[in-house]
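Me: Please take me through the fold of this protein, one question at a time.

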Amino acid sequence: MRTILITGPGGSGRTTVAAATALTAASGGTRTLVLSADRTDTLGAALGTRTGAAPVPVAPNLTAWRPDAATGFRDDLAAFQERAASALELLGASRLDPEEVTPLPGAEELALLRALRDAALAEAHELLVVDLPATPQALALLSLPEELRRYLRRLLPPERQAARALRPVLGRLAGVPMPAEWLYETATRWDVELAAVAAVVADKETVVRLVAEPGPGGADAVRAAGLALALRGLRPDLLIANRVLPETEAAAGSWLAGPVAQQRKAVEAWEEAYDVRHVAHLGRDPRGADDLAALAVPAVNGTSSTVEWPVTDRLAEDGVLVWHIPLPGAVRDELDLIRRGDELVLTAGQFRRIVPLPSALRRCAVDGAALRDGELRIRFAPDPDLWPRTR
């Protein structure tokens with residue numbers, strides 16, 4: 001199944017573009033599901049059909065779904081209270097009733113991740129179009145599965161489960177209670193679920209598509225989004241310049257001349273780095289199938305958003321291995337690298353990612369780094385104590 005993740009700055013019209021993209025694909029005979037995490041039904045407003053907690057058919061081959069974060073949050077909390085019943089009783093804590101529970105901030109995003117995983121595993125559709133939140137929240141959302149899995153592995157390492165038979169003895173020796181079995185079981189279940197979501201995001205059949213309105217604000221947002229996606233090994237398959245004003249003689253002689261020139265300048269700059277597609281301004285907010293069809297959004301293509309980070313062998317020439325990390329838009333003074341064990345803490349501007357080192361580089365020491373032509377090149381020198389020796 002192919003997946004299109006659509007995001008953009010707030011107010012850029014990304015939900016409308018997501019709805020139009022899904023409708024275009026469905027009109028061509030592709031069984032399509034469009035997902036949204038918006039608490040208000042902006043997706044339904046664009047499609048002309050109310051959407052909600054249950055998938056609803058919108059048009060031939062098109063289904064829309066807006067997962068209910070409240071129900072999922074209550075179910076998860078109820079399951080947690082059931083498993084932790086003995087601990088809660090020991091602490092004298094009283095349980096929360098489902099009726100008094102309201103979703104915490106971020107519950108909508110977590111519900112969207114779960115729906116994304118479920119839709120991918122169900123394989124009931126050929127195309128999944130996901131209306132992600134605004135760019136900053138979307139980038140945090142895409143990072144969440146990887147980061148949560150890392151936290152779980154650090155807090156509850158799977159290898160410690162091998163000592164489950166010794167936990168009562170260890171608890172008496174240490175004088176502190178050892179983690180209960182259900183905690184490890186829950187961590188394992190969460191890890192499996194998060195791995196499934198991460199696999200969908202990293203799949204070569206998944207693409208990220210940016211939507212932005214040409215202008216200074218849109219240009220800044222696209223620049224930041226491009227760098228943040230690059231830090232995750234992703235690149236937009238398309239950049240959709242939305243609400244593009246017409247360049248007509250009438251516009252040239254009116255107040256529209258300034259906005260038109262401003263849009264043209266932004267689009268020309270974008271075209272130097274991205275495959276840019278124009279979506280015209282209809283002069284109104286698009287509503288319903290006819291308006292969405294009039295937008296003429298680009299169809300699904302066969303590209304991939306996954307960007308490789310290759311390691312080149314320069315041992316014979318320079319005695320080093322070089323890790324190539326594409327970071328378009330990065331600024332040298334805003335880059336920072338920290339080697340910590342078998343991980344690299346990589347910071348680019350306001351964004352940071354902790355990535356595991358490729359196996360060959362774990363036996364090396366960092367020998368330097370340079371940013372050239374939008375690519376970070378990190379040099380690793382083999383550690384004589386760890387590197388295999390030849391006779």
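**Helix packing, sheets and core**

Me: Is the crossing in which helix 5 passes helix 6 left-handed or right-handed?
Reply: This is a predicted model, in which local features need pLDDT of at least 70, side-chain atom pairs count only at pLDDT 80 or more, and totals for chains, interfaces and linings use all residues. Residues are numbered from 1 along each chain as its sequence is written, while side-chain values use heavy atoms, leaving out hydrogens and water. Helices are DSSP runs of H or I of at least four residues, strands are E runs of at least two, and both are numbered from the N terminus. The near helix may be turned from the far one by less than a right angle anticlockwise (left-handed) or clockwise (right-handed), and the crossing of helix 5 with helix 6 is right-handed.

Me: How are helix 5 and helix 6 placed relative to each other?
Reply: The axes of helix 5 and helix 6 (residues 135-155) come within 11 Å and cross at roughly 65°. Axes are lines fitted to C-alpha atoms, for helices over the stretch in contact, with angles from 0 to 180 degrees between N-to-C directions. Angles under 35 degrees count as roughly parallel, over 145 as roughly antiparallel, 65 to 115 as roughly perpendicular and the rest as oblique. The two helices are therefore roughly perpendicular.

Me: Which residues in helix 6 do those of helix 5 meet?
Reply: Contact means heavy atoms within 4.5 Å. From helix 5, Glu109, Leu110, Leu112 and Leu113 take part. Their partners in helix 6 are Leu141, Leu144 and Pro145.

Me: Which helix gives the largest share of the largest nonpolar core?
Reply: A nonpolar core is a set of buried Ala, Val, Leu, Ile, Met, Phe, Trp, Tyr and Cys residues joined through side-chain atoms within 4.5 Å. Of the 46 residues in the largest one, Leu35, Val130, Leu132, Trp323, Ile325 and Leu327 touch the most other members. The largest share of this core, six residues, comes from helix 5 (residues 107-122).

Me: Which residues of helix 5 are in contact with Leu35?
Reply: Neighbours of Leu35 within four places in sequence are left aside. Its contacts include Trp65, Pro67, Leu128, Val129, Val130 and Asp131. Helix 5 spans residues 107-122, and the contacts that fall there are Leu112, Ala115 and Leu116.

Me: Which strands form the edges of the eight-stranded sheet?
Reply: Two strands pair if DSSP finds at least two bridges between them. This open sheet has the order 3-4-2-5-1-6-7-8, with mixed pairing. Each edge strand pairs on one side only, and these are strand 3 (56-59) and strand 8 (276-280).

Me: Which residue in strand 4 stands opposite Pro57?
Reply: Strand 3 and strand 4 (residues 62-65) run antiparallel and are joined by three bridges. Opposite Pro57 stands Thr63.

Me: Is Thr63 buried or exposed?
Reply: Buried means under 20% relative accessible area, exposed over 50% and partly exposed in between, with a 1.4 Å probe and protein chains only. Thr63 has a relative accessible area of 18%, so the residue is buried.

Me: Why does each edge strand of the four-stranded sheet have one side without a neighbour in the sheet?
Reply: The four strands form an open sheet in the order 9-10-15-14, with antiparallel pairing. Strand 9 (311-314) and strand 14 (364-372) stand at the edges, so one side of each lacks a neighbour because each has a single partner strand.

Me: Which residue in strand 10 stands opposite Val311?
Reply: Strand 9 and strand 10 (residues 320-326) run antiparallel, joined by four bridges. Opposite Val311 stands Trp323.
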